[in-house]
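Biologist: Could you walk me through reading a model like this one, feature by feature? I'd like the general idea and then the case at hand.

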Amino acid sequence: MKLFAELEIKRKEREAKEMHERKRQREEEIEAQEKAKREREWQKNFEESRDGRVDSWRNFQANTKGKKEKKNRTFLRPPKVKMEQRE
């Protein structure tokens, strides 16, 4: 009887472990599907907003072409020379 009881306990533990494993796998599948859905939605929105982004860049480019170009200045300039004053 003790052997059968131990076998029954092991069987129930194994079934519980398998059930948890199946549940975990299913949750991972659902998460992967949701992630793919979010990615498709993001790509769709990205493609739809492309015209607005490109137009704003083209407007910026058109506005900057008409302006004068600034002199190329060096990043660091040496300090101006000051005359020494003695007291």
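**Reading the side chains**

Modeller: Let's start with one residue: E84 has a relative accessibility of 63%, so E84 counts as exposed. Keep in mind that this is a predicted model.

Biologist: Which partner does E84 meet in a salt bridge?

Modeller: That would be R86, with 3.3 Å from N to O. R86 comes out at 74% relative accessibility, so R86 is classed as exposed too.

Biologist: And zooming out, how many helices and strands does the protein have?

Modeller: Two helices and zero strands. Of the 87 residues, 0% count as buried. The surface the protein exposes is about 10,100 Å², and 54% of that is supplied by carbon and sulfur atoms.

Biologist: Okay, aromatics next. How do I read a ring pair?

Modeller: A pair of aromatic rings is described by two things, the distance of the centres and the angle of the planes. Searching the whole structure turns up two aromatic pairs. In one of them, W42 and F46, the ring centres are 5.1 Å apart and the planes sit at 10°, so this pair is stacked. The step to "stacked" works because the cut-off for that class is under 30 degrees.

Biologist: Where do W42 and F46 lie?

Modeller: Both are in helix α1, which covers residues 2-48, and they are four residues apart, about one turn of the helix.

Biologist: Are those two side chains buried, exposed or partly exposed?

Modeller: Partly exposed in each case: W42 has 49% relative accessibility, and F46 has 31%. The reasoning is simple, because partly exposed is the class between under 20% for buried and over 50% for exposed.

Biologist: What sits over the ring of F46?

Modeller: The charged end of R53, 4.0 Å from the ring centre. So F46 has the stacked pairing with W42 and also the charge of R53 over its ring.

Biologist: Back to salt bridges. How many are there?

Modeller: The count is seven. Take R11 and E15: their closest N and O atoms are 2.5 Å apart. These two are four residues apart in helix α1, so about one helical turn separates them.

Biologist: How accessible are R11 and E15?

Modeller: R11 has 29% relative accessibility, so R11 is partly exposed. E15 is partly exposed as well, with a relative accessible area of 38%.

Biologist: Which residues are linked with R11 in a network of salt bridges?

Modeller: E8 and E15; together with R11 they make up the network.

Biologist: Can you show me another bridge in helix α1?

Modeller: Sure, try E29 and R26. Their side chains meet in a salt bridge at 3.4 Å, N to O. Both residues lie in helix α1, three residues apart, which is about one turn. E29 is partly exposed at 44% relative accessibility, and R26 is partly exposed at 44%.

Biologist: One last feature, then. Which residues make the nonpolar surface patch of about 360 Å²?

Modeller: L3, F4 and L7. Each patch member has to pass a cut-off of over 30% relative accessible area. L7 shows how that plays out: its relative accessible area is 48%, so L7 is partly exposed. As for its place, L7 is in helix α1.

Biologist: Let me try a recap. Helix α1 holds the W42 and F46 pair, the R11 and E15 bridge partners, and also E29 and R26.

Modeller: That's it, and L7 from the nonpolar patch has its place in helix α1 too.

Methods
Residues numbered from 1 in each chain as written. Predicted model: local features only at pLDDT ≥ 70, side-chain atom pairs only at ≥ 80, totals over all residues. Heavy atoms only, no water. Buried < 20%, exposed > 50% of the residue type's maximum accessible area, 1.4 Å probe, protein only. Areas by Shrake-Rupley, 256 points an atom, 1.4 Å probe, with all protein chains shown as cover. Phe/Tyr/Trp six-rings, centres within 6.5 Å; stacked < 30°, edge-to-face > 60°. Lys NZ or Arg CZ within 6 Å of the ring centre and 35° of its normal. Patch = residues over 30% accessible without salt bridge, like charges linked within 9 Å, V, L, I, M, F, W, Y side chains within 5 Å. Salt bridge = Lys/Arg side-chain N within 4 Å of Asp/Glu carboxyl O.
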